[in-house]
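Reader: Hello! I have this model open and would like a close look at one part, the largest nonpolar core. Could you walk me through that part and the strands around it?

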Amino acid sequence: VVGFPIGTEQQDYLGFNGDTLETNTLTYVGTSEVNGLATYEFAAASGPDVITDPVLLGSFPAALPQALIQGLLPTLGLPEAAVAQFAQLLPTLPDPIPLTYTYTYDTSYQVEPDSGMLVDYTKVESRVAGVTVGDQFIPVTEVMNLGYELSDASIADAVSEAEDAQSLLFWVGKVLPYSTLAIGAVLLLF
């Protein structure tokens, strides 16, 4: 999400997922406060979904040799039953083994509704490498796990900027048009 619209409403919105190149729903959760500022809260979560972004996929290996995967299996922290099952599956796979990557995320957004400014958010995201056999994805290992959280100082700055934007929108959207209308009416009378 880059931003919400000016005049954000209490409704769901669509956001774009750059990993999967698809839209996802940003669900309206309710109202809340951040540092005394009234906000709308939105949540979005998805996954695991197959990563399709070619730029991101270019940063991961497209395939790995069977021998390398077989050597890595005991070090991946998988349950013994999963290691044994995967070891039995290995001979049936091509060499090198093509990898599939999935993306999962869970995000919470706090939005000042007048300006649409994002004043706080948290996000946890995970990317997992695995093998696709038929229609089944078999996860092998997590390759990326990131958590995002704004600092107190960043939140305070965002709240201040949102309050400034609220004030500007009030003056430009309400005071200026009505003042101009009143001046025009007075000039028509003379």
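Author: Happy to! Of the 28 residues in the largest nonpolar core, the ones touching the most other members are Phe4, Phe42, Ile69, Phe86, Leu90, Tyr109 and Val131. Such a core is a set of buried Ala, Val, Leu, Ile, Met, Phe, Trp, Tyr and Cys residues joined through side-chain atoms within 4.5 Å. Two or more residues each come from E3, helix H3 (80-89), strand E6 (100-112), strand E7 (117-133) and strand E8 (136-149). E6 gives the largest share, five residues. In soluble globular proteins, nonpolar side chains tend to be buried together.

A word on the ground rules. This is a predicted model, in which local features need pLDDT of at least 70 and side-chain atom pairs count only at pLDDT 80 or more, while totals for chains, interfaces and linings use all residues. Residues are numbered from 1 along each chain as its sequence is written, and side-chain values use heavy atoms, with hydrogens and water left out. Helices (H or I, at least four residues) and strands (E, at least two) are DSSP runs, numbered from the N terminus. Buried means under 20% relative accessible area, exposed over 50%, and partly exposed in between (1.4 Å probe, protein chains only).

For the setting, the chain has four helices and eight strands, in the order β-β-β-α-β-α-α-β-β-β-β-α from the N terminus on. Of its 190 residues, 33% are buried. Among contacts (heavy atoms within 4.5 Å) with a separation of 6 or more, 61% join residues 24 or more positions apart.

Back to the core, starting with phenylalanine 4. Beyond residues up to four places away in sequence, phenylalanine 4 touches Tyr13, Leu26, Phe42, Tyr109, Val111, Ser115, Gly116 and Leu118. One of these, Tyr13, belongs to strand E1 (residues 13-17), where side chains alternate: Tyr13, Gly15 and Asn17 point to one face and are buried, while Leu14 and Phe16 point to the other and are not. E1 runs antiparallel to strand E2 (residues 22-34), with five bridges between them; two strands pair if DSSP finds at least two bridges between them. Asparagine 17 stands opposite glutamate 22 in E2. Four residues separate E1 and E2 in their hairpin, and leucine 21 in the turn has a positive phi of about 55 degrees.

Gly116, another partner of phenylalanine 4, takes a positive phi near 75 degrees in the hairpin of E6 and E7, which has four residues between the strands. E6 and E7 are antiparallel and share 13 bridges, with threonine 100 opposite glycine 130 in E7. Glycine 130 also stands opposite proline 139 in E8. The antiparallel pairing of E7 and E8 spans 12 bridges. Their hairpin has two residues between the strands, and glycine 134 in its turn has a positive phi of about 65 degrees.

Threonine 102 is found in E6 too. Why does threonine 102 count as buried? Threonine 102 is buried because its relative accessible area is 5%. Leaving aside neighbours within four places in sequence, its contacts are Pro48, Asp49, Val50, Ile51, Ser126, Arg127, Val128 and Phe137.

Finally, alanine 38 lies in strand E3 (residues 37-50). Outside its neighbours within four places in sequence, alanine 38 is in contact with Ser32, Glu33, Glu112 and Pro113. Alanine 38 and aspartate 114 are 76 residues apart in sequence, and their C-alpha atoms are 9.9 Å apart.
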